[in-house]
Amino acid sequence: MLGICRGRRKFLAASLTILFVPAIMWIYLFAGSFEDGKPVSLSPLESQPHSPRYTASSQRERESLEVRVREVEEENRVLRKQLSLVQSRGPAHHRGNHSKTYSMEEGTGDSESLRAGIVAGNSSECGQQPAVEKCETIHVAIVCAGYNASRDVVTLVKSVLFHRRNPLHFHLIADAIAKQILATLFQTWMVPAVRIDFYDADELKSEVSWIPNKHYSGIYGLMKLVLTKTLPSNLERVIVLDTDITFATDIAELWAVFHKFKGQQVLGLVENQSDWYLGNLWKNHRPWPALGRGYNTGVILLLLDKLRKMKWEQMWRLTAERELMSMLSTSLADQDIFNAVIKQNPFLVYQLPCFWNVQLSDHTRSEQCYRDVSDLKVIHWNSPKKLRVKNKHVEFFRNLYLTFLEYDGNLLRRELFGCPSEADVNSENLQKQLSELDEDDLCYEFRRERFTVHRTHLYFLHYEYEPASDNTDVTLVAQLSMDRLQMLEAICKHWEGPISLALYLSDAEAQQFLRYAQGSEVLMSRHNVGYHIVYKEGQFYPVNLLRNVAMKHISTPYMFLSDIDFLPMYGLYEYLRKSVIQLDLANTKKALIVPAFETLRYRLSFPKSKAELLSMLDMGTLFTFRYHVWTKGHAPTNFAKWRTATTPYRVEWEADFEPYVVVRKDCPEYDRRFVGFGWNKVAHIMELDAQEYEFTVLPNAYMIHMPHAPSFDITKFRSNKQYRICLKTLKEEFQQDMSRHYGFAALKYLTAENNS
């Protein structure tokens, strides 16, 4: 009813204004157009310069009157537009839609500019906010803990980077897991004019652990309360965001709102758009105290310097202690405490227009925050249901979110022209290395790939590993692309131990993989598999980089260097752990060889024992790996001896030897110059031999290669002569590097290559 009355008053006021203002103005103009009872022309064409009445002052008066007439006409045009808007929304009030009233009441201390923004459609261009200086750094704080939240942060950051035109400084309050993931991600992302600082969330637990919290965010959901104490003392203001936020505009627009704070306003918040704090959601619902509907803390503007002077720490602690005596715990984490403080001190808050935090949880009034796409500023998926939330425009919001979710992050490495960037040692070294390459070299692209920094997201899914008490654990290491995804379930069934996988995917493919994994009971039941996403960039498959990423992030003392196309024999994991002890791998430089076989059949009854495998070999169902196309790769394994061997036996290195081995985690990395197809494993085995590793064949171990379509890289190798020439050149350069590094002992590799 109140909304209807307000609407009628506005309609009446606008109507009277349109009717009377022009009339009054024309009376004024008409009266002012007479001088000594005679009319004075307003038209410059009718003015007579030679007339005694014609003076410079009268000319200026006429010109000012003409300007005023045009101003009045423009004001009338705007008033008519406002009147038409009120009329068009009149029936909505009768239907109970109070969107106009709700929006008008937002933005404390700034209702006039807010009304102008609503009339103009909340567009960025029409906002009268003070401009943020071109190179002013915008500070953003985010609390992030765990594997899932780390993924969410990436999407949030993408949406901010997409729209931003200012340098950014992210302050990440992160646990050990999130720090490891995000530090690697940003280090390899190398986005210009972006700085990242981490703050140990685990050290802050004692500050808030005394507060019982029922919210699914757990203890980390309370850490925004201690930002004044956590963030640097010289940091005056910061935008605080939840991880489930998506930006639809330049964050500088939100940063500019700080200039609107007046008096003791130190918190910028959007009103909560659900009925939670009204206490009417169910019988005996008793929320924490709040001012009206309360405020949502998914987006917060904090004036840190003033909050510190107000003794914010003491303020929120005393409030929390008092309320917990009756409430016993928080239901919405930090939000409950923020609202209880605001209830007692309403002068602290500057109410942001609700388009700065459109809350997409069930049963909210979020639809009243926008009328058009251009109205949207920030979308907040603040329901546990996330993308499955109920909203009549949820499909649009979901598509907007998915756009950033699958957006190529490499495209966000944009320079901010005119803004000086902090010196980045890694970036400078990369530029120096690239500048030393000859772009006219026919193998330039091969050489360049060695220095390409690929964006890397470690532990894309939840990972748990309990170290073995006997210190003999072995991790299976492999790499893959999207076309080998179907092998994952089979490998998990064959290998019960920990696995470290590097996946070479685009941003969109990473999301396809996520959906695939979350829909697989086999994969979801395994928490000891580390999935590390290396994002696509360049024209080659960086096979050895992928292997190095997977090797680097194992949690066991030993690793089995395999390929994704191989299925290990049942029980190989336990067999290798016993072999590690038997052959004293901890104290000797050994590489334990697992003999490799292959089948040409897509459906194979996998042999459950060595005897069964030998029978299948004799029948022609299985073959030694690549015996018909690349015999030299595995011939030194001596399969004839293996058939009857009952104890491990030593073999010598030979040219082009590339077995699959078990080694200690401190073994050398793969050489990154080899990309795509050819010599990637051969070079690694050669370096193991140069470092005097002893190659020992395990008598009761085996693995079988499963058939698949040829990879794109092997097709290029076979069809492209220049590809083969460059590979030969890289081989020769690698051998020369080996000779320089390992001296006289490495000369045998040159000799062996010449004889092969």
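Helices here are DSSP runs of H or I with at least four residues, and strands are E runs of at least two. On that basis, the protein has 27 helices and 25 strands. The model is a predicted one. Its mean pLDDT is 82, and 79% of the residues score at least 70. Two stretches fall below 50. Residues 21–56 form one of them, with a pLDDT below 50. In the model this stretch has 34 contacts beyond near neighbours in sequence. Residues 85–106 also stay under 50. For them the model has 40 contacts beyond four places in sequence.

Burial and contact order were computed for the protein. Of its 756 residues, 54% are buried. Among contacts with a separation of 6 or more, 79% join residues 24 or more positions apart.

The largest nonpolar core holds 116 residues. Within this core, L501, F513, Y531, F560 and L576 touch the most other members. Helix α26, spanning residues 721–742, gives the most to the core, with seven residues. Another core lies apart from it and has 103 residues. F170, V266, L269 and Y370 are among the members of that other core.

Y531 illustrates the contacts of a residue in the largest core. Residues up to four places away in sequence are not counted. Y531 then touches H457, L458, Y459, F460 and L461, among others. Its contacts also include L488, L501, L503, F513 and L523. Two of these partners, L501 and F513, are named with Y531 among the residues that touch the most other core members.

V266 belongs to the core of 103 residues. V266 sits in the loop between α10 (251–256) and β8 (267–271). Its relative accessibility is 0%, so V266 counts as buried. The contacts of V266, leaving out residues up to four places away, are F261, L301, L302, L303, K306, L307, M310 and L348. K306 is 40 residues from V266 in sequence. The C-alpha atoms of V266 and K306 are 6.6 Å apart.

R151 is a charged residue in helix α6, residues 147–163. The relative accessibility of R151 is 14% and the cut-off for burial is under 20%, so R151 counts as buried. Beyond four places in sequence, R151 is in contact with H457, F460, L461, L514 and Q518. H457, F460 and L461 also appear among the contacts of Y531. R151 and D244 lie 93 residues apart along the chain. Their C-alpha atoms are separated by 10.0 Å.

Helix α6 also packs against helix α14 (residues 394–405). The two axes come within 8 Å and cross at roughly 90°. The helices are therefore roughly perpendicular to each other. On the α6 side, the contact is made by D152, T155, K158, S159, F162 and H163. On the α14 side, Y401, F404 and L405 take part. By class, the contact has four nonpolar, three polar and two charged residues.

A second crossing involves helix α12 (residues 312–327) and helix α13 (residues 334–344). Their axes come within 9 Å and cross at roughly 100°. Angles of 65 to 115 degrees count as roughly perpendicular, so α12 is roughly perpendicular to α13. Helix α12 contributes W312, M315, W316, T319, A320, R322 and E323 to the contact. Helix α13 contributes I337, F338, A340, V341 and Q344. Eight of the residues in this contact are nonpolar, two are polar and two are charged.

Backbone torsions were also examined. Most residues other than glycine have a negative phi. A193 has a positive phi, near 55°. A193 lies in the loop between α7 (176–189) and β5 (194–200). With a relative accessible area of 17%, A193 is buried. D656 is not a glycine, yet its phi is positive at about 70°. D656 is placed in the loop between β22 (649–651) and β23 (660–664). D656 counts as buried because its relative accessibility is 4%.

Definitions and conventions: Residues are numbered from 1 along each chain as its sequence is written. This is a predicted model: local features need pLDDT of at least 70, side-chain atom pairs count only at pLDDT 80 or more; totals for chains, interfaces and linings use all residues. Side-chain values use heavy atoms; hydrogens and water are left out. Axes are lines fitted to C-alpha atoms, for helices over the stretch in contact, and angles run from 0 to 180 degrees between N-to-C directions. Angles under 35 degrees count as roughly parallel, over 145 as roughly antiparallel, 65 to 115 as roughly perpendicular and the rest as oblique. Contact means heavy atoms within 4.5 Å. A nonpolar core is a set of buried Ala, Val, Leu, Ile, Met, Phe, Trp, Tyr and Cys residues joined through side-chain atoms within 4.5 Å. Buried means under 20% relative accessible area, exposed over 50%, partly exposed in between (1.4 Å probe, protein chains only). pLDDT is the predictor's confidence in each residue, from 0 to 100.
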